[in-house]
Structures are given as C-alpha cells and as structure tokens.
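This report goes through selected features of one chain: charged pairs, strand pairing, aromatic contacts and a surface patch. The sequence and the model come first.

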Amino acid sequence: MPSAKPVTIKNSDLRSLMERLIKAGGCKPDTVSTVANVFYEANLRGIPIQGLNHLLGFVRNLKSGKVNPDGKPKLVKEGAGFAMIEGNKGPGVLAGIYAADVAVEKAKKSGFCTVGITNSADIYMVGFYVERIARNGLVGLCFTDATPAVHPTGGMEKMLGTNPIGIAVPTKGGDPIVLDFATSATLLTHIKYAAAHGTKLPPDVAIGPDGKMTTDPNLALQGAVSPLGGHKGFGLGLSVALLSGALVGGAMGHGLAGDKPGPKGHLFMAIDPAAFGDPDSFRKGVSAYVTEVKSSRKAPGVKEIRVPGERSFAERERSLKRGTVEIDPVLWENTIKLAGELGVALPSLGGAPKAKPAAKKPAKKAKAAKRRPAARKAKAAKRPAKRKASAKRKPARAAKRKAPARKAKRRR
C-alpha cells in the first residue's frame, strides 16, 4: 500500500510536466498549452481529480485512438441564438472553450445563446467554461454526461454517468459564483483512490454487487455509485444526459462505453443580463444577496459560510502564493508509470520516486563506496605505530589544550 504522504511539486514543474505528457500523447504544439491549462487550473484550485488525474486518462485516450489529437472543433450550424459544433473527436477542452466563446458572442447580440457539441471528448472541469462565460458578464451553464457509473433510484446497475452541471453568475467587482458538481453521491475516481489507500467510503454513496449500501470501496467498484440525494440526483443526472446527449445527437449511457464509444455531446448556455434589465443593477443585486447569505447566523463550530466557487478561488490564490501543489501518492505513482511508457522525464522531487533516466547515477556512488572502506582500513593499520611514537609528547600538548576549552564553555 502506498504512503499516505502527498508529493509536493512546484507549480512550474507541474505545468511543464503536463504539457510534455500531452505532447507525448500526440497533441500538436499549437494546442498543448491550451489543453494543459484546464488541468493545471484544476490542480491549483485543489481539485486534483479534475487535474493531473484526468490528464493521465486523456493522454491514454490519445494513445489508444479514442481521442483524435488532430481533431479541431468546427461550427456546422448556427442561428441568432444557437450554434452546433462538430468536435471531430478531438480534445474536448478545445471544443468546450470554442463553445463558450461562441455562446458569449451570440448572447451579447441576441440576449441568449445555446450551443451544442457532438462527436467530442470529455471537457473535464465544467466550472472552467462557465466561469469563462461569467467573466464576460453573462450567466453561464454547462451540461455533460459521462460513461455509466451510477445506478438509478430503485436499480442496481450502472446506467448513468456522474453527469456534472456547471452554473456561473457574475458579481459586482469580485469573482463570479461558480457551481460545479456531479449529480452522483461521489465519484468513481474517489472510490478507486479509497481502494488504493485502504480506506472506507462514507455511508450511502455506493452499493455493492448485491445492491446493498457499502463502505467497502472494493465492493463498490463491483457495484455502482449512488445518485446524489437519492431520486433528486437521479432526476438531475438523467436530465443532464438527455440535454447533452439526445438533444445534440450524442450517445448516452452504455453508448459512451467500450473501445469504440459513440459520439459524446455537451450543451452550453449563455444569458446576457442586459436582455432583462440593467446589467450593473443585476450584478449589484447578486453581490448584495451573497453578502446577506454569508452574514447570516453560522452553525456551531463554523467560521465562515462560503458560496460556490469561493473555496476553489481561495485555494488557487494560496497555491500561486505558495508556488507548489500537493499530489496524491497513488496519483504520482500512476504519473511515473505513464511518463516511463512515454519517455517523459519527471521533475526531481524530495521524497518522491525518481524518474527512470536518473536511475544509473547511484551506481557510480556504489563503486566509490566500496573503495572507501578499503582505504580506511589501510590508514587504520598505520595508526598504531604513529600513536606509539608520539605517545610521550601527547600529555604535554593535551594539558595546554584543556585550558582554552574551559574558557570556550564559559563564553557559551
């Protein structure tokens, strides 16, 4: 079982490693930085599962052919308040950013825009895209479905994905409100890490193969993740699948699984507050209500009421100030494995396993270590003769040295 101690890595080293892994996976130089940025931002915000962890899966999908490294998003249909984008099975990050920007541009002209994406790949951290929309003064929404991992209420088979929802609302002079959550009680990745670390799951987040609730992650991997909040989460997850799947011509459920998954879809929306009134008054109203909520009575032991996105923005600021982020030891071992397969050098980390290219260096030290004991033994053999010859001179010299030693103790 791996150590529970996380690995600390410099932000610059992490960013460089991410870009080199993506490039080794086959992405072209002109897209590497853009794709890496989404994963990097997730790690800065303390969401490593959406960061380095998902990056490893993305690179493996590139190598297996599930994602086309040359695939670029293309606008294939549009109107004043809508657009359809063909993802060409390329990196979902590129399609997601393009969709967010198209939605902003059209919404500023028509007041509202819905953008569908089909034949894409995973876009990962949905909050990244809706925040992008909100930074432009608009309300942003994003829906995307995933491969089956969640059982429906009353069922015990994996039928739905964790199907996240993203909503972002601009505020007056501060960070936007950013809601980014899965419609499942936990994530399949959390269960995998719990199994690797030998820890228990929280109650009521997963079922075993017998359909009963379990806290054993190994049984949960044979069963299914539970929907968030029972029937409410199931309803949300199902709705997300329909909006980002059927509505845009994308596959759903088991159609997204296997070696040759069907077309993956996403749905984006942008709303311009100016379509309903004064946008500045809207932002002031948002900020005023947020302040009111945060100023309300706190439960015992609670220091602060935080709104969606507040924790991640604060963690991002701390990460940048600190200059480092922490990586789960299991995730780091998986990173070492993939980097070794791709021939990508790893940064030198204190306490972390070293990259394979550096494995030959200790051999030289080992040879030097073998020579040292022999040399020491030879010197030790000569010492007795020298000691006998100078034994008569030592008492006088030792007596002279003792007095200064006493004075030195007093000075301390």
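A salt bridge is taken here as a side-chain nitrogen of Lys or Arg within 4 Å of a carboxyl oxygen of Asp or Glu. The model is a predicted one.

**Salt bridges**

Across the whole structure, 18 salt bridges are found. One of them joins the side chains of K106 and E78, with an N to O distance of 2.7 Å. K106 belongs to helix α4 and E78 to strand β2, so this pair ties together parts that are 28 residues apart in sequence. The two partners are covered to unlike degrees: K106 is buried, with a relative accessible area of 13%, whereas E78 is partly exposed at 49%. K106 counts as buried because the limit for that class is under 20% relative accessible area.

K28 also forms a salt bridge, with D70 as its partner. K28 sits in the loop between α1 (11–25) and α2, and D70 in the loop between α3 and β2 (74–79), so here the pair ties together parts that are 42 residues apart in sequence. K28 is partly exposed, with a relative accessible area of 37%, and D70 is partly exposed as well, at 43%.

A third pair, D280 and K284, stays within one element. Both residues lie in helix α9 (residues 279–294), four residues apart, or about one turn of the helix. D280 is partly exposed at 22% relative accessibility, and K284 is partly exposed at 47%. Elsewhere, salt bridges with shared partners join E41, R45, E131, R135, D175 and R316 into one network.

The closest N and O atoms in these three pairs are separated as follows.

| Salt bridge | N to O distance |
|---|---|
| K106 and E78 | 2.7 Å |
| K28 and D70 | 2.7 Å |
| D280 and K284 | 3.5 Å |

**Strand β4 and its partners**

How many of the nine residues of strand β4 are buried? Eight are, so the strand (residues 112–120) is largely enclosed by the rest of the structure. Strand β3 (residues 82–86) pairs with β4 in the parallel sense, over five bridges. Within this pairing, F82 stands opposite T114 in β4. The chain passes from β3 to β4 through helix α4 (residues 92–110), and this β-α-β crossover is right-handed. Helix α4 is also the element that holds K106, the partner of E78 in strand β2.

Strand β4 pairs with strand β10 (residues 264–271) too, in the antiparallel sense and through seven bridges. There C113 stands opposite A270 in β10.

**Aromatic pairs**

A pair of aromatic rings is described by the distance of the centres and the angle of the planes. The search of the whole structure gives five such pairs. One of them is F39 with F58, a tilted pair with 5.9 Å from centre to centre and 35° between the planes. The pair links distant parts of the chain, since F39 is in helix α2 (residues 29–44) and F58 in helix α3 (residues 49–64), 19 residues apart. F39 is buried, with a relative accessible area of 0%, and F58 is buried at 2%.

What is the geometry of the pair formed by F128 and Y129? Their ring centres are 5.3 Å apart and their planes stand at 80°, so the pair is edge-to-face. The cut-off behind that class is an angle over 60 degrees. F128 counts as buried at 10% relative accessibility, and Y129 counts as buried at 0%.

F39 and F58 are also members of one aromatic cluster, together with Y124.

**A nonpolar surface patch**

L238, L242 and M252 make a nonpolar surface patch of about 240 Å². L238 is found in helix α8 (residues 231–244). At 38% relative accessibility, L238 counts as partly exposed, in contrast to the buried rings of F39 and Y129.

Notes
Residues numbered from 1 in each chain as written. Predicted model: local features only at pLDDT ≥ 70, side-chain atom pairs only at ≥ 80, totals over all residues. Heavy atoms only, no water. Phe/Tyr/Trp six-rings, centres within 6.5 Å; stacked < 30°, edge-to-face > 60°. Helix = DSSP H or I, 4+ residues; strand = E, 2+ residues; numbered from the N terminus. Buried < 20%, exposed > 50% of the residue type's maximum accessible area, 1.4 Å probe, protein only. Patch = residues over 30% accessible without salt bridge, like charges linked within 9 Å, V, L, I, M, F, W, Y side chains within 5 Å. Areas by Shrake-Rupley, 256 points an atom, 1.4 Å probe, with all protein chains shown as cover. Pairing = 2+ DSSP bridges. Right-handed = clockwise from strand over helix to strand, strands pointing away.
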